Amino acid sequence: MRALVFGHGYSAGFLTPLLVAEGWQVTGTTRGNAARVAAAGAEPLLWPGDDAAVRQQIASADAILVSVGPEGGADPVLAAFGAEIGRAQPRWLGYLSTTGVYGDRDGGWVDEDSPCAPTTRRGRERVAAEQGWQRLAAEHGLPLHIFRLAGIYGPGRGPFAKLRAGTARRIVKPGQIFSRIHAEDIARVLLASIKAPCPGAVYNVCDDDPAPPEAVIGHAADLLGLPLPPAEDFATAEMTPMARSFYAESKRVANDRIKRELGVALRYPDYRAGLAALARAEGLI
């Protein structure tokens, strides 16, 4: 069995070892970090660059995962290889999207049946990309699965380094709620879907405990026995436009479908379990 991952980055680095353990051969495209792809157990393939080799991999892939975001308002994989993927007819096709497609819900709940109402440019581009993949799937009968990921954390993407350096910030915006997901659990959801395809399915990939961002920073500080960073009012805090944009939307994301349809039991059902595991792995507690 052969899998092709477009954009073999952070999340795919957790999926590839699971696939290899199941006997899969994995190829992952990268813009230039071939060593990282190889370290995860996949065969690296430069793209953009070696388009001919990518087309060969598409033709032989049993599973194709697209983990590349829109660029310039368009999906680069769909634009470059949509026709080839349509002809190849893989047994499973996955697209990694974002819960940002739901927009701002003032802290309310959303599930996969909630209408998309993005309020940011990134969210609107993701909705357009999802629709493009859905059109391709409808035209060619492809087994498309869309995964809407919450905020990703995991090894190397936790708050501990900033806390230890004294640069962590505890930005407080009343009513702000985010959902999160540990990278290992993303990989387990994807593997479960590959094993039990449900063409046309859309899955929210998040943990059980949406929480304010300042609560996560506070808990991480408690784990390390470090002082709590002072609270900063969002309205007056100095932030880059990109950082501020993450606070533009507040919602709680439901994850019942990955449990009900895929049988996934999250390894890290909340940020407390995830942060404790990260701290232990880094030898901090």
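**Exercises on a predicted model**

A248 touches D104 and T120, leaving out residues up to four places away in sequence; contact here means heavy atoms within 4.5 Å. Before you start: this is a predicted model, where local features need pLDDT of at least 70 and side-chain atom pairs count only at pLDDT 80 or more, while totals for chains, interfaces and linings use all residues. Residues are numbered from 1 along each chain as its sequence is written, and side-chain values use heavy atoms, with hydrogens and water left out.

**Exercise 1. Place A248 and D270, and say how accessible each one is.**

Step 1: find the loops. A248 is in the loop between α9 (241-245) and β13 (252-253), and D270 is in the loop between α10 (256-262) and α11 (271-281). Helices (H or I, at least four residues) and strands (E, at least two) are DSSP runs, numbered from the N terminus.

Step 2: check accessibility. Buried means under 20% relative accessible area, exposed over 50%, and partly exposed in between (1.4 Å probe, protein chains only). A248 has 38%, so it counts as partly exposed. D270 has 18%, so it counts as buried.

Step 3: look for partners. Setting aside neighbours within four places in sequence, D270 is in contact with Y153, D207 and D209.

**Exercise 2. Work out why the W92 and F147 pair is called tilted.**

Step 1: recall the rule. Rings of Phe, Tyr and Trp (its six-membered ring) pair if their centres lie within 6.5 Å; planes under 30 degrees apart count as stacked, over 60 as edge-to-face and the rest as tilted. The structure holds nine such pairs.

Step 2: apply it. The W92 and F147 ring centres are 6.1 Å apart and the planes sit at 40°, so this pair is tilted.

Step 3: trace the chain. W92 belongs to strand β5 (residues 92-98) and F147 to strand β7 (residues 144-149), so the pair links distant parts of the chain, 55 residues apart.

Step 4: check burial. W92 is buried at 2% relative accessible area, and F147 is buried at 0%.

**Exercise 3. Find which rings R244 and R272 sit over.**

Step 1: set the test. A charge sits over a ring if NZ of Lys or CZ of Arg is within 6 Å of the ring centre and within 35 degrees of the ring normal.

Step 2: read off the rings. The charged end of R244 is over the ring of F234, 4.4 Å from its centre. R272 lies over the face of Y271, 4.7 Å from the ring centre.
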